[in-house]
Each structure stands twice: as C-alpha cells, then as structure tokens.
Amino acid sequence: MLTSCAGFTGGGENSDSGSGDTLSMVAWGQDAEQSAFKKLVQKFKERSGITVDLRFVPYAEMFKTIDAQLQDGSAPDIFRVDYTSLASYSSADQLLGLGDQLDDDLTNDVIPAFMEAVSLDGTPYGVPHQTDTTATVYRPDLLERAGITSVPTKLEDAWTWEEFQSVLEKLKGSLSGDVAPYSYPWQKAGAYRWLNWLFQADGRLLDQDLKKAAIDSDAGHRALEATKKLFTDGLVPSNTSPKSGVYSSDAFIGGKTAMAALGNFVIPEINTAIGSRFTWKATYHPQDVRAASDLGGNALVINKATDKADKAGEFLRFMMEAENQKAFCEETIELPTRRSLAEGKLELSVRPDLAPVFTEQATTLKPEDVAQVTVPGFSRINTELQEQLEQCFVGGRSVDDTLKGITDRVNQIVSA
C-alpha cells in the first residue's frame with residue numbers, strides 16, 4: 001500500500017520541471033491509485049496542454065520530506081495530504097487559500113463534512129479528493145453456525161451496542177481454536193478510529209470551541225468501557241491492540257476473526273488474499289445514541305510558495321470534476337466526496353456489491369466530528385491516543401485513569 005514509483009529527486013514520467021507549462025506534484029498511493037492518478041494526469045495534459053510531473057513516494061516518507069522541502073523552498077506545486085494532517089500546514093501558512101479558485105457549483109456539491117475537513121477559519125486550503133471509511137465485514141458461515149441468521153441490510157437497522165455485544169458473545173461460544181469474534185482497525189496510525197465509538201455514544205473529544213478536551217464525560221466513559229470489554233472478555237484477538245503490528249485486516253484474512261471493521265480501501269487486498277477460501281459480506285457498524293463513521297481519505301493542496309497558482313488551481317478543479325472523481329474512485333475502490341456521486345451508483349472494479357454499505361456508512365460522518373480530528377496538532381493527539389488506549393486495553397489501566405490521561409495530554413497539545 002505504501003509503494004512508490006519514483007522518489008523526490010528522480011524524474012517522473014512527464015518530467016519537464018523547467019517549463020512554465022509543467023506542474024510538480026507528489027503523492028503516495030497503492031498500485032490502483034498510482035494507475036488512476038497517471039490516467040487523469042494524461043487526460044489533463046490532453047485537455048489543457050499542461051504537464052503534471054507526478055512523483056510517488058512511500059507514505060512513511062511523505063510528510064517528513066515535504067516538511068523539509070517546504071522549509072528549503074523546494075516543495076512541489078501540489079501534494080497529497082490526509083485530512084487529519086492538513087491543518088498542520090494550513091495553520092502554518094504553507095498552503096494556498098482556495099477561496100477564489102473554487103466555484104459554488106463545486107463547493108455546494110461537496111458533502112459538508114469534507115469541506116470542513118479542508119477548511120480553516122472558513123477558507124478552503126485544499127480540495128477533498130476522495131474519502132474512505134470503515135464498515136463491518138463478516139463471514140456468513142460462522143455467523144450462521146452461531147445461530148445468527150439476521151444481519152442488518154439497512155443503516156437504520158444497524159445493531160445497537162447491546163445487540164452487537166450479544167452477537168459477539170454468541171460467536172465466542174461457537175468458535176473453535178484461536179478464532180475470535182471480532183477485530184477493529186485502531187492499530188498504529190489508525191488509533192483515532194476509536195473515536196468512532198465515542199461519537200456513536202454522542203460524546204466529544206474536544207469542546208465546541210476546539211480549545212480543550214471534552215472526553216472525560218459519561219459518553220467517553222461508556223465508549224471506553226465498551227471497547228475495553230472487547231479485550232477483557234476475549235472478543236477480539238489480544239494481539240490486535242492499538243500498538244500491535246497485527247492489523248484488523250490481517251486477522252480477518254488469516255481466518256482469525258469472524259467479523260472485522262475494515263476500510264473500503266483494503267477491499268482489493270483482502271478479496272485477493274481470501275480468494276475462494278470463504279465467503280464474506282459487509283454490514284454497518286453498531287450504533288448507540290447515533291451512527292458514526294471515521295474520517296479517512298485525502299485532499300490535494302497547493303504550496304503557497306508556487307508561482308503557478310492558476311494552473312495548479314485548474315488541475316485541482318479538474319480532479320474534482322464529477323466524471324474524473326468517479327473514475328478515480330471506481331478504479332481505487334474509494335468513495336467520492338461529491339454529493340451527486342455519493343447518492344448515485346459507483347461501478348467499483350472489485351466487489352461492487354459492497355459499495356452501498358460503505359457509501360451509506362460514510363454519510364454518518366458529521367461536520368462537528370470532522371472538526372475535532374482536523375485541528376492543528378491532531379497527529380500528536382493520534383499518537384497519544386495510541387499510547388493511552390494501549391495501556392487501557394491490554395496494560396491494565398483503569399477507564400477513569402485513561403480518560404484523565406487523554407484529557408491531560410490533549411489539553412497540552414491544543415494549548416501549545
């Protein structure tokens with residue numbers, strides 16, 4: 001997933017960096033993403049005559065290198081950034097504000113939560129190119145063996161927390177060997193996905209002003225109790241904790257769980273890995289006070305120091321055109337951010353039958369949820385969540401102490 005076809009210093013396929021009709025762009029991407037980007041870059045050149053010198057790097061190297069290049073003045077005109085990191089650049093005045101570059105037809109068609117994700121103080125600093133989210137996948141054979149014959153097929157019928165707990169307990173009673181009922185993708189950089197449970201409980205990480213922690217609440221307590229119970233009751237593999245190197249998808253692919261929360265972006269990987277070994281389907285996340293979803297996906301942004309702002313803006317608008325966003329998402333098994341596409345039908349290249357579940361699950365993401373995970377410094381909050389949740393889930397730390405620990409560290413970060 002973190003492969004690259006060229007580094008920052010090597011020439012891209014369309015390298016012509018000395019030309020005024022050439023834009024430089026850096027991104028990371030899986031094979032399908034690289035292919036989709038290349039096709040659209042070529043289409044843009046045929047339409048506009050502008051070459052995009054597109055280079056790919058591993059995700060693990062992306063932002064360390066971008067940060068260094070922004071400092072020394074050699075950063076590309078355009079680069080890709082995940083939503084939870086974007087505010088680190090916009091708040092540092094390193095991105096071009098796009099208020100004059102985007103028309104109402106585009107911004108009014110973007111799902112509001114995603115315009116929130118790319119904006120700071122009301123000004124957009126990128127375009128929300130695509131999104132991804134998680135939903136719950138499951139093995140019908142193992143559920144049926146446990147006597148679970150009814151699985152929600154509509155968002156409004158999603159299991160409640162109590163119903164979901166019952167499903168997991170039934171599975172635990174019927175599964176053999178080292179197979180666990182469930183796994184969740186809060187490993188490593190995905191620690192922030194735990195907030196999905198907090199939002200389901202109608203809780204908040206930050207207060208309305210986004211100035212201090214608000215997690216130490218009844219909702220926060222219930223969400224942390226419910227997720228800690230997954231480990232203490234043996235409902236998830238103990239080696240899928242937040243600091244573990246065993247990802248939720250690994251456990252499901254390996255036949256170690258009957259159900260798993262997984263991102264739509266790993267559908268091609270797991271479909272190939274599972275092959276014909278067993279059948280798997282998708283349903284919605286459980287919900288408590290409300291349904292919720294985690295923010296995934298990436299934006300395209302323009303370096304404020306570029307001397308090609310108009311051409312870079314033209315390229316970003318081109319990438320957001322409905323036809324082009326649709327083509328990108330269908331090839332990469334990702335989800336659109338334009339309302340008109342989200343409400344329509346995507347012809348995904350792999351497992352198109354799963355698209356309605358993931359697309360509808362993504363609609364539960366609210367702008368106020370997005371605002372809390374796109375504040376400046378959120379990457380540090382995410383790292384802190386990983387540490388604090390690990391101690392709670394498998395380190396023996398109490399829920400009360402964990403909530404206090406998260407509160408203290410979050411307050412230090414947002415006040416810095």
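**Exercise 1. Sequence separation of contacts**

Task: In this predicted model, what share of the contacts with a separation of 6 or more comes from residues 24 or more positions apart?

Solution:
- Step 1. Keep the contacts in the protein chain with a separation of 6 or more.
- Step 2. Pick out those between residues 24 or more positions apart. They account for 78%.

**Exercise 2. Overall build**

Task: Describe the fold content and the dimensions of the protein chain.

Solution:
- Step 1. Count the elements. The chain has 18 helices and ten strands.
- Step 2. Compare the radius of gyration with the globule rule. The chain gives 21 Å, and the rule gives 22 Å for 416 residues. The two are close, so the chain is as compact as a globular protein of that length.
- Step 3. Take the principal axes. The C-alpha trace spans about 65 × 50 × 35 Å along them.

**Exercise 3. Surface and charge**

Task: How many residues are buried, as a percentage, and what does the chain expose?

Solution:
- Step 1. Buried residues make up 57% of the 416.
- Step 2. The exposed area is about 16,600 Å². Carbon and sulfur atoms supply 46% of that area.
- Step 3. Turn to charge. There are 40 positive side chains and 60 negative ones. The centres of the two sets lie 4 Å apart.

**Exercise 4. Confidence**

Task: Where does pLDDT stay under 50?

Solution:
- Step 1. Start with the whole chain. Its average pLDDT is 93, and 95% of the residues score at least 70.
- Step 2. Look for the low stretch. Residues 1-18 stay under 50.
- Step 3. Check the contacts of this stretch. The model has 48 of them beyond four places in sequence.

**Exercise 5. Two helix residues**

Task: Place S249 and Y89, then list their contacts.

Solution:
- Step 1. Locate S249. Helix α10, residues 248-253, holds this serine.
- Step 2. Classify S249. Its relative accessible area is 10%, and buried means under 20%, so S249 is buried.
- Step 3. List its partners. Beyond neighbours within four places in sequence, S249 contacts L262 and I270.
- Step 4. Gauge one long separation. S249 and V375 are 126 residues apart along the chain, and their C-alpha atoms are separated by 28 Å.
- Step 5. Locate Y89. Helix α3, residues 83-90, contains this tyrosine.
- Step 6. Classify Y89. With a relative accessible area of 5%, Y89 is buried.
- Step 7. List its partners. Leaving out residues up to four places away, Y89 touches F63, I66, D67, L70, V81, Q94 and L95.
- Step 8. Gauge another separation. Y89 and T257 stand 168 residues apart in sequence and 39 Å apart, C-alpha to C-alpha.

**Exercise 6. Positive phi outside glycine**

Task: Is K188 buried, partly exposed or exposed, and which loop holds I333?

Solution:
- Step 1. Read phi of K188. The value is near 55 degrees, positive in a residue other than glycine.
- Step 2. Place K188. The loop between α7 (161-174) and α8 (195-200) carries this lysine.
- Step 3. Classify K188. Its relative accessibility is 31%, between the 20% and 50% cut-offs, so K188 counts as partly exposed.
- Step 4. Read phi of I333. The angle is about 60 degrees, again positive without a glycine.
- Step 5. Place I333. This isoleucine lies in the loop between α13 (322-332) and α14 (339-342).
- Step 6. Classify I333. A relative accessible area of 1% makes I333 buried.

Definitions and conventions:
Residues numbered from 1 in each chain as written. Predicted model: local features only at pLDDT ≥ 70, side-chain atom pairs only at ≥ 80, totals over all residues. Heavy atoms only, no water. Helix = DSSP H or I, 4+ residues; strand = E, 2+ residues; numbered from the N terminus. Rg over C-alpha atoms; globule rule 2.2 N^0.38 Å. Buried < 20%, exposed > 50% of the residue type's maximum accessible area, 1.4 Å probe, protein only. Contact = heavy atoms within 4.5 Å. Areas by Shrake-Rupley, 256 points an atom, 1.4 Å probe, with all protein chains shown as cover. Lys, Arg positive; Asp, Glu negative; His and termini not counted. Charge placed at Lys NZ, Arg CZ, Asp CG, Glu CD. pLDDT = per-residue confidence, 0-100.
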